[in-house]
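Me: I would like to learn how to read a protein model. Can we take it feature by feature?

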Amino acid sequence: MYCGEGSARENFGVSADQAFDLITAGFQRGLNRSDDFLDTINEYSVQFGNGGASAQEFFSIMESGLQGGMLGTDKAADAFKEFRVRILDGSKTTADGLAQLGLNVDDVTAAIDSGSMNIVDAWNLVIG
């Protein structure tokens, strides 16, 4: 189910063996402590894949979220999904938030539009 057609494997362009290795490593690193890990992979891999994240970045963001106190991988992945929506929305709230971080919304969206930056790059810029 998680490595077949329309799956995380396809969303990230990894082999079935690589996908199973990542899932196994995720379990070993405690990513299923809220019993939502496999559901999160199934639900959010498309968001991350479309946002330019690699499979490793997807798993890293989930792990970082858990380490930061999020209640489950679903919450960590949803934060990225909402960021993806927000960074492209053109709202004053987004512009103001980026300005508070010393970033210009026009520069960020222009970089995304030109392809010189993808969503995961913007995420890393904001998190940094």
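The turns below go from the overall fold to single charged pairs.

Me: Which elements, and how many, are in the protein?
Reply: This is a predicted model. The protein has eight helices and zero strands.

Me: How compact is the protein?
Reply: The radius of gyration is set against a rule for globules. Here it is 15 Å, close to the 14 Å that the rule gives for 128 residues, so the protein is as compact as a globular protein of that length. The C-alpha trace spans about 40 × 30 × 20 Å along its principal axes.

Me: What share of the residues is buried?
Reply: Buried means under 20% relative accessible area. In the protein, 37% of the 128 residues are buried.

Me: How many positive and negative side chains are there?
Reply: There are 8 positive and 19 negative side chains, and the centres of the two sets lie 5 Å apart.

Me: How many salt bridges does a search of the whole structure find?
Reply: A salt bridge needs a side-chain nitrogen of Lys or Arg within 4 Å of a carboxyl oxygen of Asp or Glu. The search finds five. One of them joins Glu63 and Arg29, whose closest N and O atoms are 2.8 Å apart. This pair links distant parts of the chain: Glu63 is in helix H4, while Arg29 is in the loop between helices H2 and H3, 34 residues apart.

Me: Is Glu63 buried or exposed?
Reply: Glu63 counts as buried because its relative accessibility is 15%. Arg29, at 56%, counts as exposed.

Me: Where do Asp78 and Lys81 lie?
Reply: Both are in helix H5, three residues apart, about one turn of the helix. They form a salt bridge, with the closest N and O atoms 3.4 Å apart.

Conventions
Residues numbered from 1 in each chain as written. Predicted model: local features only at pLDDT ≥ 70, side-chain atom pairs only at ≥ 80, totals over all residues. Heavy atoms only, no water. Helix = DSSP H or I, 4+ residues; strand = E, 2+ residues; numbered from the N terminus. Rg over C-alpha atoms; globule rule 2.2 N^0.38 Å. Buried < 20%, exposed > 50% of the residue type's maximum accessible area, 1.4 Å probe, protein only. Lys, Arg positive; Asp, Glu negative; His and termini not counted. Charge placed at Lys NZ, Arg CZ, Asp CG, Glu CD.
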